[in-house]
Amino acid sequence: MKRAHAFYEATLEAPLTEHDDGPQKILLLPAFGSTGAIGHLYEGKPVTAGDRITVHLAVDGSLENAMERIKTAGGEVVSQVISIPTGSFFYAKDTDGNSLGIFKY
């Protein structure tokens, strides 16, 4: 969790909020322009290779800067920027090998 906490704060350029008032500690992901959260991280059972989903996260800023933040935080960028009608994104892996799509409107 400590490694994931540091990685996602660096990638999103925003603080995650730790909550330990439930059955297990969670880290809330921030929502842009809001005090709420868009999701959370917790220590769960890992999936096996090939059975993963890709989590897409929006960033506020350039995708090129997000690529550098991911590399600096210990993750891996695995594609170039891909354009789609609503914006663009790239694929990456976090420090635990989870598949990410980093998106910019």
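Biologist: Quick one to start: what share of the contacts with a separation of 6 or more comes from residues 24 or more positions apart?

Modeller: In this predicted model, residues 24 or more positions apart account for 38% of the contacts in the protein that have a separation of 6 or more.

Biologist: And what does the secondary structure come to?

Modeller: The protein has two helices and eight strands, and, read along the sequence, these elements follow the pattern α-β-β-β-β-α-β-β-β-β.

Biologist: How much of it is buried, and how much area is exposed?

Modeller: Of the 105 residues in the protein, 30% are buried, while the exposed area is about 6700 Å², with carbon and sulfur atoms supplying 52% of that area.

Biologist: Let's go to the strands. Which way do S7 and S8 run?

Modeller: S7 and S8 run antiparallel and are joined by six bridges, and within this pairing Phe 90 stands opposite Ile 102 in S8.

Biologist: What about S4 and S8, parallel or antiparallel?

Modeller: Strand S4, which covers residues 54-58, pairs with S8 in the parallel sense over five bridges, and one of the residues involved is Thr 54, whose bridge partner in S8 is Ser 99.

Biologist: Back to the hairpin of S7 and S8: how many residues sit between the strands, and which one takes a positive phi?

Modeller: There are five residues between the two strands of that hairpin, and Gly 97 takes a positive phi near 85 degrees there.

Biologist: Where else is there a positive phi, in a residue other than glycine?

Modeller: Glu 13 has a phi near 50 degrees, which is a positive value in a residue other than glycine. Most residues other than glycine have a negative phi. Glu 13 comes just after H1, in the loop between H1 and strand S1 (17-19).

Biologist: Is Glu 13 buried or exposed?

Modeller: Glu 13 is exposed, because its relative accessible area is 54% and the exposed class begins over 50%.

Biologist: Then which residues of H1 are buried?

Modeller: The buried residues of H1 are Ala 4, His 5, Phe 7, Tyr 8, Thr 11 and Leu 12.

Biologist: Changing topic: how many salt bridges does the structure hold?

Modeller: The structure holds four salt bridges, and among them is the one in which the side chains of Asp 96 and Arg 3 meet, at 2.3 Å from N to O. Asp 96 lies in the loop between S7 and strand S8 (99-104) and Arg 3 lies in helix H1 (residues 2-12), so this pair ties together parts that are 93 residues apart in sequence.

Biologist: How accessible is Asp 96?

Modeller: Asp 96 counts as partly exposed, with a relative accessibility of 41%.

Biologist: Which salt bridge has its residues in H2?

Modeller: That is the pair of Glu 68 and Lys 71, whose side chains meet at 3.6 Å, N to O. Both residues lie in helix H2 (residues 63-72), three residues apart, which is about one turn of the helix. Glu 68 is partly exposed, with a relative accessible area of 45%, and Lys 71 also counts as partly exposed, at 45% relative accessibility.

Biologist: And what does Lys 25 pair with?

Modeller: Lys 25 forms a salt bridge with Glu 18, where the closest N and O atoms are 4.0 Å apart. Lys 25 is partly exposed at a relative accessible area of 35%, and Glu 18 counts as partly exposed at 43%.

Biologist: What about Ser 88, is that buried or exposed?

Modeller: Ser 88, whose place is in strand S7 (residues 87-93), is buried, because its relative accessible area is 16% and the buried class is under 20%.

Biologist: Which residues does Ser 88 touch?

Modeller: Not counting residues up to four places away in sequence, Ser 88 touches Leu 63, Val 81, Ile 82, Ser 83, Ile 102, Phe 103 and Lys 104.

Biologist: Last thing: which residues form the nonpolar patch on the surface?

Modeller: The patch is formed by Val 78, Ile 82, Ile 84 and Tyr 91, which together have about 280 Å² of accessible area. Of these residues, Ile 84 has its place in strand S6 (residues 82-84) and counts as partly exposed, at 33% relative accessibility.

Methods:
Residues are numbered from 1 along each chain as its sequence is written. This is a predicted model: local features need pLDDT of at least 70, side-chain atom pairs count only at pLDDT 80 or more; totals for chains, interfaces and linings use all residues. Side-chain values use heavy atoms; hydrogens and water are left out. Helices (H or I, at least four residues) and strands (E, at least two) are DSSP runs, numbered from the N terminus. Buried means under 20% relative accessible area, exposed over 50%, partly exposed in between (1.4 Å probe, protein chains only). Contact means heavy atoms within 4.5 Å. Two strands pair if DSSP finds at least two bridges between them. Patches are made of residues with over 30% relative accessible area and no salt bridge: like charges are joined within 9 Å, nonpolar side chains (Val, Leu, Ile, Met, Phe, Trp, Tyr) within 5 Å. Accessible areas come from the Shrake-Rupley method with a 1.4 Å probe; for residues, only the protein chains shown count as cover.
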